[in-house]
Amino acid sequence: MFGFKDFRRLWARWKESRDASQALDTLLLVPDDTADLADRNRWVVELAYWLRRTEKSTKNKPTTTLEGHPEHARLRSFLKILEQRPDVKLKIAKLIRSVLRDNDALSLLCDTGVATKPSFWGEITERLRNHLISPPPNKPELTVLFALGFVGPHDASWVHDLDEDLLHSLYELTHYQEDKSDGNNLFKDMSEAIMILISYISSAGLSYSVRSRLRGVSGQDSPFYRLGKLAEDILKAGPHLNEPTYQATLKEFHDVLNACYIACDDVYAHLDENGVSVETVFQVETMRLRLARVETLLEAWLHRDQTQLFAKLTADLILTVQGHRSIKRLAEQTFALLSRKMVERSAETGDHYIAGSRKEYFSMLKKSLGGGAIVAGTVYLKFLITNLGLVRFFENILLTVNYAGSFLLIQFANFTLATKQPAMTAPALAQLLDDVKSKEGLDRFVDRAMALMRSQAASIFGNLAMVVPVVIAIQVAIILLMGHATMNPSKATHIFDTVSPFSGAFLFAAFTGVLLWLSSVIAGLIDNWFVLHRIQDVIRYNRRITMVFGDIRAARWGQWWRDNISIVAANVSLGFLLIYGPTFLGFLGIGMEIRHITLSAGQFAAAATALGWKTFLMSGFWLGIFGVLLIGAFNVLVSFSLAFNMALRSRDLPTLDRRRLYVAVRRRIKADFKSLLFPPK
């Protein structure tokens, strides 16, 4: 029975076919090949849009049919119409040849998808401009046609999947009734593009930043030096693939290309061992992209009769044109090695915070008790500083010194602060992800995850078990000695309100978790800078230091900084961020505060003691207890999640099936919940 839905479907199909026919009628009004370049380019762009538009009626069809891919249906129909209209076909052929002749192809073949600026930040600026501003159609470059005509995420696959019949028909269209005046310079442009790319590669490969990091390869022995001469021998005439001498030159050229790739890997290995330079990584990554482009262009230049290679080349160019606007892709390519280096450094530190055995568990508990005792002193120093009535500038400086000094004291006294652990332990856990596909690897991951959660629980418990009674004892001692508490009832009630779950404490706790993670990132960056610029050797051989302290002490001083630079950077930066993070956001009109579980618990205990026994009758007291626990949960979860996600990306595992891991961890918790809190015997 014919219903309303069927009528709507038929109506939509008829309207769609009518719009398509109207657009086709407009496209058949072809500009003359001597028309303004902007008009010709715009016509080609509109044709590309119309050809790639998939009919709704074909969207749910199989990806391939007897007639080929359904998304190529319009192209087939268009070519059939041209067979019936030879006059229009001739105009389109002349138009396409004129567009290819009057638009520069070198910028498309050489520069598209490859960084054109000499530095990372310059390229970021260029890509931002390209992302915001589209090029004008009268700019005589083929890059403009690709940028305006191919904007969809599936455009590259649309070109790549063209079958042999369609490619042959397109080739025949572009050469339809071609005469000598139309001269095709495609292969000449391709050979020039290869030589230009090789000149870029040789220049970068022989530069100091790359040459100084290669092991035993320099000057004329460098593969980057030999690349240009071999390319000239290959490209000086048309391809002679049947000649043994030509084949030998081709083989030598490919061997040198492979040697260039190996040299790039050597640079990465040197950076991995001796510190990562973002600019050098950017330079090497650009060089690798150019090497890949040379291979693609040379393959298409050599095998001119294989039209599928040109479809592959065009699809690759479409992807690179679209990627040339992506700031995210550039950042991921450039910072991948630096991220991995930072994560590996954090993982080395994080291993010390994961207690596997009962002995390590109780050692972790003792360390957390010491950390809680120091934080109790930090709480009262904060009260003292805020009660001095200083201007905001000096107050913030003293508060920063208070926090940073306390964190450093905890670190060098070999104590533990619970909320600093997740940013370090997450990378240590992520290192096990490479082996989770096997049962043994999955079991190791689950064991480590349970040990991590158990260690974190022990640290939080130890911090709170010490900070609360110590703060109470100090407050009672102050009351007995001075006759009054360190705060009046209104301020104590205000502290209750700051940790209440209804005060937005969870949001502030999440923000604090971000700062905890950010301090670990800063520590990784500074540690990498220290190694990259060999500051340890600078200290060791500094003339003034050696004259004052001697060679042995200078060497020890340099080694101490090498071993502890990330620790100092992490703690000092955390103290700075906890004070100046909310201050900076305040300038922007964003009201944000700090909620750190150990500090909040200490302030809460001091406020409760100041109010006396009546505090147990106040609803704010009981809500505050729940709020403090909530703050701890958000501190840990946010900091751990950010660090774990960064570790995943640095190990190139963004699409890992995490559900399988979560299921395995949940099963272990259900089967042995006690091991989540206490270590196995």
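This is a short talk on the charged pairs, aromatic contacts, surface patches and backbone angles of one protein model.

Hi everyone, and thanks for coming. Before anything else, please keep in mind that this is a predicted model.

Let's begin with charge. How many salt bridges does the structure hold? The count is 15. In one of them, Asp 163 and Arg 76 bring their side chains together, with 2.6 Å from N to O. Where do the two partners sit? Asp 163 is in the loop between α8 (155–160) and α9 (164–174), while Arg 76 belongs to helix α3 (residues 73–84), so this salt bridge ties together parts that are 87 residues apart in sequence. Their surroundings are worth a look as well. Asp 163 is partly exposed, at 26% relative accessibility. Arg 76 has a relative accessible area of 18%, and it counts as buried because the limit for that class is under 20%.

Next, please find Arg 101. Its salt bridge partner is Asp 102, and the closest N and O atoms of the two are 3.4 Å apart. Both ends of this pair are partly exposed: Arg 101 has 39% relative accessibility, and Asp 102 has 32%. The picture widens here, since Arg 40 joins Arg 101 and Asp 102 in a network of salt bridges.

One more pair before we leave the salt bridges. Arg 595 meets Glu 593, with 2.6 Å between the closest N and O atoms. Which partner is buried, and which is partly exposed? Arg 595 is the buried one, at 8% relative accessibility. Glu 593 is partly exposed, with a relative accessible area of 38%.

Some charges gather on the surface instead. Arg 659, Arg 666, Arg 667 and Lys 670 form a patch of positive charge there. If you want a landmark, take Arg 659, which is in helix α27 (residues 658–671). Arg 659 is exposed, with 64% relative accessible area.

Now for the rings. The model has 19 aromatic pairs. Among them are Phe 393 and Phe 394, an edge-to-face pair with the centres 5.2 Å apart and 85 degrees between the planes. Phe 393 is exposed, its relative accessible area being 53%.

A second pair to look at is Phe 412 with Trp 560. Is this pair stacked or edge-to-face? The ring centres are 5.9 Å apart and the planes make an angle of 25 degrees, so the pair is stacked. Phe 412 is part of helix α18 and Trp 560 is part of helix α24 (residues 543–587), so this contact ties together parts that are 148 residues apart in sequence. Both residues are partly exposed: Phe 412 at 43% relative accessible area, and Trp 560 at 33%.

There is also an aromatic cluster, and you can pick it out by selecting Phe 496, Phe 604, Trp 613, Phe 616, Phe 621 and Trp 622.

Let's come back to Phe 393 and Phe 394, as both also belong to a nonpolar patch on the surface. Other members include Leu 381, Leu 388, Val 391, Ile 397 and Val 401, and the patch as a whole has about 920 Å² of accessible area. Which elements give two or more residues to this patch? They are α17 (358–387) and α18. Helix α18 provides the largest share, with 5 residues. Leu 390, another patch member, is in the loop between α17 and α18. Leu 390 is partly exposed, with 35% relative accessible area.

I'll end with two backbone angles. Asn 414 is not a glycine, yet its phi is positive, near 65 degrees. You'll find Asn 414 in the loop between α18 (392–412) and α19 (422–430). At 48% relative accessibility, Asn 414 is partly exposed. Arg 534, also a residue other than glycine, has a positive phi of about 55 degrees. Its place is the loop between α22 (505–532) and α23 (535–540). Is Arg 534 buried or exposed? Arg 534 is exposed, at 56% relative accessibility.

That's my tour. Thanks for listening, and I'm happy to go back to any of these spots on the screen.

Methods. Residues are numbered from 1 along each chain as its sequence is written. This is a predicted model: local features need pLDDT of at least 70, side-chain atom pairs count only at pLDDT 80 or more; totals for chains, interfaces and linings use all residues. Side-chain values use heavy atoms; hydrogens and water are left out. Patches are made of residues with over 30% relative accessible area and no salt bridge: like charges are joined within 9 Å, nonpolar side chains (Val, Leu, Ile, Met, Phe, Trp, Tyr) within 5 Å. Accessible areas come from the Shrake-Rupley method with a 1.4 Å probe; for residues, only the protein chains shown count as cover. A salt bridge is a side-chain nitrogen of Lys or Arg within 4 Å of a carboxyl oxygen of Asp or Glu. Lys and Arg count as positive and Asp and Glu as negative; His and the chain ends are not counted. The place of a charge is taken as NZ of Lys, CZ of Arg, CG of Asp or CD of Glu. Helices (H or I, at least four residues) and strands (E, at least two) are DSSP runs, numbered from the N terminus. Buried means under 20% relative accessible area, exposed over 50%, partly exposed in between (1.4 Å probe, protein chains only). Rings of Phe, Tyr and Trp (its six-membered ring) pair if their centres lie within 6.5 Å; planes under 30 degrees apart count as stacked, over 60 as edge-to-face and the rest as tilted.
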